[in-house]
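These are my notebook entries on a structure that I looked up feature by feature. I set down each item as I went through the model.

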Amino acid sequence: MSLGAVVAFQSCKMKTTEAAVSGDAASKVYVAPGKYDEFYNFVSGGFSGQVSVYGLPSGRLLKVIPVFSQNPENGYGFNEETKPMLQTTHGYVPWDDQHHLALSQTNGEHDGRWLFANANNTPRVARIDLKTFKTVEILELPNSGGNHSSPFITENSEYIVGGTRFAVPIANQEAALTQASFKANFKSTVSFIAIDPNSGHMSVDFQVILPGMDLDLSRAGKGPSHGWFFFSTYNTEQANTLLEVNASQKDKDYIVAINWKKAQEYARAGKGKKMATEYYHNMLSEENHTATSEVVKEVLTLDPNELKDFVYLIPCPKSPHGCDVDPTGEYIVGSGKLAALIPVFAYQKITKAIADKAFEGDYYGIPVIKYEAALHGEVKKPGLGPLHTEFDGKGNAYTSFFVSSEVVKWSIKDLKVLDRVPTYYSIGHLMVPGGDTKKPYGKYVVAYNKITKDRYLPTGPELTQSAQLYSIDGDKMQLLLDYPTIGEPHYAQAILADKIKAQSAKIYDINANKHPYVSMGEKGTKVTREGNQVHVYMTAIRSHLTPDNIEGIQVGDEVYFHVTNLEQDWDVPHGFAIKHADNAELLVMPGETNTLKFVPKKPGVYPFYCTDFCSALHQEMQGYLRVSPKGSSVPLKWHTGKTDSAAAVATVR
Amino acid sequence: MLMKCTAIIFLDRMKKLSVLGRISIFLVIGCVASLWFLPMWRIDLAAPQYPEGIFMEIWINDIKGNVDVINGLNHYIGMKTIHKEDFKEFIYIPIALMVFCGLGLLVLLLNRKVGYYIWALIFFAIAGVSMYNFWKWEYDYGHNLDPTAPIKVPGMAYQPPLIGYKKMLNFEALSQPDVGGWFFIAAGIIVVGVSFYEWKQAKKQLK
């Protein structure tokens, strides 16, 4: 009797997580020890400013790539070589908010060469080399309030874009914070960043200056729509305060369609305006392992009010977030954050509407296409709060719903909902491997969630965010795996491991090392003084540093430890740390030279040592720096292995 | 007179190389010449930290493979570092083999069985001296260790096997002929086989 009541009560409970996971999920994500994952999954780090690399389907964290934030773990942004990477017009900015990623593409498919990342706060884009998994280039963007709709990419990596999330007065002007001032002074900009097809180098080719509104997400057209870029917008109300309410008043905001091929023609024909400005372009040289900064002083701007017929607006319900182009390039899916439907626009209809001038009016002189004229159809009652859509290449779309916390699968052709699964909890972006390309790999969809609450062992008030992996092979989506992430994951990319793993570098060739302070072998080590600057040319090899005894340093000296790792074997990094260093340590890869600046504040003997467990005698890989009071007569001397030598440097093999 | 003449011709035929013998000279020279293009010997090493394996290739005039990696590891046990410049053999061996090939052509020109036998003996003299030399180097590297080496295992020497498998500390070593070495061995089999054949033929004709 009582047992029956319990059973009845249990069955009345809401669907639990356990119920959502079926029996064979574990075997589908099990990657046996020593085996490789099928996909590299690059995940944005959000407020961590970094990019993480996971293996799929195991969900194992493989690496965190430092991009916009300093990383004391390996000295990125702390060592002298990488400090220039984080320089901006507003000084050294060692952190950011990293939202979206784009893998380089050729013919609309991932080519495995580079990964691009945006910085939402101090407007920047970064390029990561997928041979070394290192950030090799960071470009600041002028006239941007916050680089959110970025770094979405064209099908042959002609351009990545940067659209401002915050309308601001351009040319760094100040302006009153009133709605009248907003309407008069505030602008939105879209930067078209050209990618050099050989080197990958980024440069701002031109900027399109739009009326003030907030650009949210973006996608390039592909196939038939190649040559176009689409951006979602919110706050076309042009509110400058309490946007929560004031930017949610209009029934429809816009999708901005930019014909970038036409814009490029205008730019090439010299029809743009050159504007004086300043922005940083930072590049890491693979030759000398050192970054340098260049300040660019000019940007080419295009005004759609003067140069006609390359920007159009399409009404889209309720502050759209996602603005996603399907693999055929024919359909554009808008996702109104506050809408109860998903509008799907057809590229053919958009071009026809433009040809027929089926406009309902204009917004600051930019034609607004009639909603119905551009519409393929609407997905009715899909869920609450659609955010972002990806595709499986089989005619299906997968849309994330933040408010109803679910992934919904629907058919592009007939706009019918096919399946839905809950996420835990409050999904933002989702990602199908290759889901933004012409040929999605399909197989999985990953949900990136904001709230984890009861999902893992509690860790105090500050909790991790998470990812959930679903199989999309069958008719029904199936939850396979749930794992925590670093920072806050926004968008992500995944590529077949086979497209990258063979090219992954193992070492740097020491003979190709052109670092100005490299020590080519232990015989090349020395210590030199120029005024109060002391340069230590140091080498690291299993299991000693050369020199490992240094005397004649004085309080207040700027000591630069230029550590060259002489190893030429895979996975033999050496670390370098010195007591009381107020910046970080170094982690030096085989064949590389890194520099740590150390300014001793007090006399004494400062031990230094290797921080990476490199070998059986790693613990012995240590030495001493003697620091004397300022003006001391202790001569500069250094050695390893000998006890009395001011000139020669011993070599102990 | 006729008898004597026939006997001389017969005797001459008995001393002269067969067609097979003459062809074999080209084969042997070909096999030996391959050593300029193919490695002679190979030592493979495996350890838990080296799942991909490391190896060393010995050529008649060079050492290739992961020599730097091996040198890096060997400093723990105080083994001397291996440098191409230390081996005078890389000059002598190619000269000796070139002379050997030249002598082969001379044997062909003289066209005498006895020349072939001597040539075969020279082959084995070169092979024997080379193998002894190889063993001596291995012994030297394996035993003459730096007394201040970080890792000292009492009674432990690190001489790699001349041929075959051996376990040394965390490393497993496998030493064996490489492609060029197998060609050289083939050359050896040919000179022995053909010498035997020539000798049998001479005996048959004598009966």
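I began with the face of helix 4 of chain B that is turned away from its buried side; there I found the exposed residues B:Ile91, B:Ile95, B:Val99, B:Gly102, B:Leu105, B:Leu106 and B:Leu109. I used the DSSP convention, in which helices are H or I runs of at least four residues and strands are E runs of at least two, numbered from the N terminus. For burial I counted other C-beta atoms, placed from the backbone, within 10 Å of a residue's own: 20 or more is buried, 12 or fewer is exposed, and in between is partly exposed.

I note that this is a predicted model, in which local features need pLDDT of at least 70 and side-chain atom pairs count only at pLDDT 80 or more, while totals for chains, interfaces and linings use all residues. Residues are numbered from 1 along each chain as its sequence is written, and chains are lettered from A and ligands numbered from 1 in the order in which they are written.

Helix 4 of chain B, continued

I listed the buried residues of helix 4 of chain B as B:Ile93, B:Leu97, B:Gly104 and B:Val107. They cover an arc of only 70° around the axis (from the directions between the helix axis and the C-beta atoms), and this places them on the same side of helix 4 of chain B. Helix 2 and helix 5 (113-143) of chain B are among the elements that cover these buried residues; I took two residues as in contact if their C-beta atoms, placed from the backbone, lie within 7 Å.

I then checked the length of helix 4 of chain B. Its 22 residues should span 32 Å at 1.5 Å a residue, and the end C-alpha atoms are 30 Å apart, which agrees. The expected span is 1.5 Å times one less than the number of residues. Just after helix 4 of chain B, I found B:Asn111 with a positive phi of about 60°.

Why does B:Val99 count as exposed? B:Val99 has 12 C-beta neighbours inside 10 Å, and therefore counts as exposed. I placed B:Val99 in helix 4 (residues 89-110) of chain B. From B:Val99 to B:Gln176 I recorded 77 residues in sequence and 26 Å in space, C-alpha to C-alpha.

Helix 2 of chain B

Helix 2 (residues 19-33) of chain B has 15 residues, which should span 21 Å at 1.5 Å a residue; its end C-alpha atoms are 22 Å apart, which agrees. In helix 2 of chain B, I found B:Gly21, B:Ser24, B:Ile25, B:Val28, B:Cys31 and B:Val32 buried. They cover an arc of only 135° around the axis, so they lie on the same side of helix 2 of chain B. B:Val19 and B:Phe26 are exposed on the other side of helix 2 of chain B.

Chain A as a whole

I counted 8 helices and 46 strands in chain A. The radius of gyration of chain A, taken over C-alpha atoms, is 28 Å, close to the 26 Å that the globule rule (2.2 Å times the number of residues to the power 0.38) gives for 653 residues, so chain A is as compact as a globular protein of that length. The C-alpha trace of chain A spans about 85 × 80 × 45 Å along its principal axes. Of the 653 residues in chain A, 51% are buried. Of the contacts in chain A with a separation of 6 or more, 62% are between residues 24 or more positions apart.

The domain assignment of chain A, automatic or from a database, gives domain 1 (38-503) and domain 2 (515-639). Their centres, taken over C-alpha atoms, are 43 Å apart. The contact takes 11 residues from domain 1 of chain A and 14 residues from domain 2 of chain A.

Helix 6 of chain A

In helix 6 (residues 260-268) of chain A, I found A:Trp260, A:Ala263, A:Tyr266 and A:Ala267 buried. They cover an arc of only 110° around the axis, which puts them on the same side of helix 6 of chain A. The strands they pack against include strand 11 (159-164) and strand 19 (291-302) of chain A. A:Gly270, which follows helix 6 of chain A, has a positive phi near 75°.

A:His618

I located A:His618 in the loop between strand 44 (604-609) and strand 45 (622-628) of chain A. A:His618 has 17 other C-beta atoms within 10 Å and is therefore partly exposed. Not counting residues up to four places away in sequence, A:His618 touches A:Ser543, A:Cys610 and A:Phe613.
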